[in-house]
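Please open the model in your viewer and keep the sequence panel beside it. The stops below suggest what to select next and describe what is there.

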Amino acid sequence: MPELPEVETIKNTLKRFVIDKTITDVSVFWPNIIKQPDDIDHFKHLLTEQSIRDIHRRGKFLLFELDDAVLVSHLRMEGKYSVHPSAEPLKKHTHVIFKFNNGEELRYNDVRKFGTMHLFKKGDERNNKPLNQLGPDPFDEAFTLDYFYQKLKKTDRVIKSVLLDQAVVAGLGNIYVDETLFKAHIHPLKKANKLKKREAKAIWEAAIHTLKEAVAQGGTTIRSYVNSQGDMGMFQQELFVYGHENEPCKTCGNPVVKMKVGGRGTHVCVSCQKMK
DNA sequence: TTGGGTGTTGAGTA
DNA sequence: ATACTCAACACCCA
């Protein structure tokens, strides 16, 4: 589910409920979610008596900064965090619970159980998988047009696949890649190394602009996404092509086509987005 | 009823 | 290097 704007919104809404709360107990009902450390009891031990000092985002990852540790969490398709009184009944698909010292608890809910958690000693998280595989954040100074254009020039893949590659730029997913390419007037099947610098610039600007706008709207709710206060996003109203197959393109009126690119459903206006 | 599709990403295979 | 299939899992819908 969540791409950068949704994770950013979750971070912002979750913060106010968990900052300076101390974890007194941890329950794990689906151990496969915990990727590190291997031993679940060790995972619990390392978190117990730790307080959450801050939450950060890196690409699509949430980083819970504790006193001595950092919990790196990826929501994959359907992961959600929310805070509840301990007495409140559990929703279906709650898999991990971090009990606090104030009668509340942070709950991780994930219908498809695809999400992951990696726990590190503070400072180790950046030098290890999964974070050390990531390219720059789209909003980071390191994500310059020159960096982006160099990456495009040296790969033979189609542009959509490159934009989905988190090692190139961290945070874009299927929705925002389709929207970015529509705004840049570039066909998703165009080879990255065939793009001119002005086309690279159009994509680069469209990606940053689209993500910023989506953050401002609290993300995109297609099926199930809600932030940590339970609110839906609003950016679905701003989508041009994603989810609009067979509807008239908002720019030219020709029907939006849905195709497969790199195994992912892909929405394109073949009139506005030229292969050239 | 059932097969195909879903906002993700890793592994394994040519 | 790249592309493709499959896997993880639950649910929705034509």
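**Along the DNA strand**

In this predicted model, begin by selecting Lys260, where an N or O atom of the side chain lies 3.4 Å from a phosphate oxygen of DNA strand B. Next colour helix 5 (174-183), strand 10 (257-261) and strand 11 (264-268), the elements that each give two or more residues to the surface near DNA strand B.

Move on to His74, which places a polar side-chain atom 2.9 Å from a phosphate oxygen of the DNA strand, and then to Arg76, whose side chain has an N or O atom 3.2 Å from a base oxygen of DNA strand B.

Now show everything around the strand: 21 residues surround DNA strand B, and the closest are Met1, Arg223, Tyr225, Tyr242 and Arg264. Of the DNA atoms that come within 4 Å of the protein, 62% belong to sugar and phosphate. Coloured by character, the residues of this surface divide into 8 charged, 7 polar and 6 nonpolar.

**The open sheet**

Turn next to the open sheet, in which 4 strands follow the order 1-7-8-6 with antiparallel pairing. Its edges are strand 1 (23-28) and strand 6 (79-85), each of which pairs on one side only.

Select strand 6 together with strand 8 (residues 104-110), to which it is joined by 7 bridges; Val83 has Leu106 of strand 8 as its bridge partner.

Finally, add helix 1 (residues 4-18), which packs on the sheet and touches strand 6, strand 7 (94-100) and strand 8, its direction making about 25 degrees with that of strand 6. Helix 2 (residues 40-47) also packs on the sheet, touching strand 1 and strand 7, and its direction makes about 160 degrees with that of strand 1.

Definitions and conventions. Residues are numbered from 1 along each chain as its sequence is written. Chains are lettered from A and ligands numbered from 1 in the order in which they are written. This is a predicted model: local features need pLDDT of at least 70, side-chain atom pairs count only at pLDDT 80 or more; totals for chains, interfaces and linings use all residues. Side-chain values use heavy atoms; hydrogens and water are left out. A residue is near a molecule or strand if one of its heavy atoms lies within 4 Å of it. A polar contact is a pair of N or O atoms within 3.5 Å; within protein, one must be able to donate a hydrogen and the other to accept it, and residues adjacent in sequence count only if both atoms are side-chain atoms. Ala, Val, Leu, Ile, Met, Phe, Trp, Tyr, Cys and Pro count as nonpolar, Asp, Glu, Lys and Arg as charged, and the others, Gly among them, as polar. Two strands pair if DSSP finds at least two bridges between them. Contact means heavy atoms within 4.5 Å. Axes are lines fitted to C-alpha atoms, for helices over the stretch in contact, and angles run from 0 to 180 degrees between N-to-C directions.
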